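Me: Hi! Could you walk me through this model, one question at a time?

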Amino acid sequence: MRLIRPERLKVGDMVATVSLSWGGAGDPDLLWRYQVGKSRLEEVFGLKVIEMENTLMGSDYIYKHPEARAKDLMNAFKNPDIKAIFSCIGGDDSIRLLPYIDFEVIRNNPKIFIGYSDSTITHLMCYKAGLTSFYGPSILAEFAENIKMFDYTREYIKKALFSNTSIGQIPAAEKWTGERIEWLEANKDTPKTMEDNLGYEFLQGTGIVRGRLFGGCIEVLEMAKGSKLWPDESIFDNTILFFETSEETPEPDNLLYWLRNYATLGILQKAKAILFGKPYQGKFYDDYKEVIIKIVDENNLHNTPIVYNMTFGHNQPMCILPYGTLAEVNCQDKTFTLLESGVL
């Protein structure tokens, strides 16, 4: 399925921030953190940042008013002066926005949307509307990173959102961190401890395969199954699926059950390749690999390339994955490449 690509960002463009799930950006004890993330968008990338009406209303109000969150999203898409929409943070209930979403508004006003984790739901909304969106960093986490943004993350923001040339090969980050430092203003100058990254693990596969990207946070995808957000089975033909787990670190048995469901639906069998992000903080690293191998054996998927420990999702730094973009997995050279741009 070929999606509509939004226009690329340029220095001076106006962008909006939204709280579509957890509303912590507007809580008094976290407002400083939001301001750091906002300032990075302005100072590092040269953008003009505005908040939507309810972005900073706080977690209690945001939780109680999914219709207000949806209104912000719809108004951000409708506003021709806004060129991109940045998620403040994830959460666990943006599925509650679904009754208030007008997919025609998204389809008729294509622009960049970026976020990860529970933002998977908003990505599915964009996908249903036929629009490419971007699985990548959030305001409170990556943009507001202590001291400065990670160079790797910053590089892929520029490549994915500001350039209309093909994104190209995406190597694994040389260093990574899953360290959690409490979001207290007193901690804002405390650097995270970085570790050497093992790099991509090609668990199986031969040759070179190509397909269009689809996926997200696997726990959040479970909330969308069976809803009107879930794509028609035909879109899974020739996809490269990408999955990652959240900071909730689901038990390996849960991952087993979810992947069995994808196999039962025939989705895994249709995929050209399957990508897995590094588990949060490396927890269950070997256990998840055992689950994946078990699913392969149960469903005779031995010819499907599977890449593990990839640099997206709930660890830092992170690259950006544009939905619907043509990607390539080269099992011989052990590389992952985005062959297109996600923007015009």
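**Salt bridges and beyond**

Reply: Happy to! This is a predicted model, and a good place to begin is Asp237, which is partly exposed with a relative accessible area of 39%.

Me: Which residue forms a salt bridge with Asp237?

Reply: Asp237 sits in the loop between α8 (218-224) and β11, and its partner is in helix α10 (residues 267-270), so the pair links distant parts of the chain, 33 residues apart. The closest N and O atoms are 3.0 Å apart, inside the 4 Å cut-off for a salt bridge. The partner counts as partly exposed at 28% relative accessibility. That residue is Lys270.

Me: Salt bridges can also share partners. Which residues are joined into one network that way?

Reply: In general, side chains of opposite charge can pair when their charged atoms come close. Here, salt bridges with shared partners make one network. Its members are Arg2, Arg212 and Glu340.

Me: How many salt bridges does the structure hold?

Reply: One of them brings together the side chains of Lys71 and Glu53, at 3.3 Å from N to O. Lys71 lies in helix α3 (residues 66-78) and Glu53 in the loop between β2 (48-51) and α2 (59-64), so this pair ties together parts 18 residues apart in sequence. Lys71 is partly exposed at 42%, while Glu53 is exposed at 55%. For the structure, the number of salt bridges is 20.

Me: Where do Lys64 and Asp60 both lie?

Reply: These two form a salt bridge, with the closest N and O atoms 3.3 Å apart. They are four residues apart, about one turn of the helix. Asp60 counts as partly exposed, at 49% relative accessibility. Both residues lie in helix α2.

Me: Which helix gives the largest share of the negative patch?

Reply: The patch on the surface gathers Glu251, Asp253, Asp286, Asp287 and Glu290. Glu290 is exposed, because its relative accessible area of 56% is over the 50% cut-off. The largest share of the patch is three residues, and they come from helix α11 (residues 285-299).

Me: Is Phe284 buried or exposed?

Reply: Phe284 lies in the loop between β12 (273-277) and α11. Its phi is near 65°, a positive value in a residue other than glycine. Most residues other than glycine have a negative phi. With a relative accessible area of 16%, and since anything under 20% counts that way, Phe284 is buried.

Me: What is the phi of Thr249?

Reply: Thr249 has its place in the loop between β11 (239-244) and α9 (252-264). Thr249 is buried, with a relative accessible area of 13%. Its phi is positive, in a residue other than glycine, and is near 40°.

Me: Which residues does a cis peptide bond join?

Reply: Most peptide bonds are trans. This one has an omega of about 0°, and its proline is found in the loop between β13 (306-310) and β14 (321-322). The residues joined are Gln316 and Pro317.

Me: What is the radius of gyration of the chain?

Reply: The chain has eleven helices and 16 strands, and 60% of its 344 residues count as buried. Its C-alpha atoms fill a box of roughly 50 × 45 × 40 Å along the principal axes. A compact globule with 344 residues would have a radius of gyration near 20 Å, which agrees with the chain's value of 19 Å.

How values were computed. Residues numbered from 1 in each chain as written. Predicted model: local features only at pLDDT ≥ 70, side-chain atom pairs only at ≥ 80, totals over all residues. Heavy atoms only, no water. Patch = residues over 30% accessible without salt bridge, like charges linked within 9 Å, V, L, I, M, F, W, Y side chains within 5 Å. Areas by Shrake-Rupley, 256 points an atom, 1.4 Å probe, with all protein chains shown as cover. Lys, Arg positive; Asp, Glu negative; His and termini not counted. Charge placed at Lys NZ, Arg CZ, Asp CG, Glu CD. Helix = DSSP H or I, 4+ residues; strand = E, 2+ residues; numbered from the N terminus. Buried < 20%, exposed > 50% of the residue type's maximum accessible area, 1.4 Å probe, protein only. Rg over C-alpha atoms; globule rule 2.2 N^0.38 Å.
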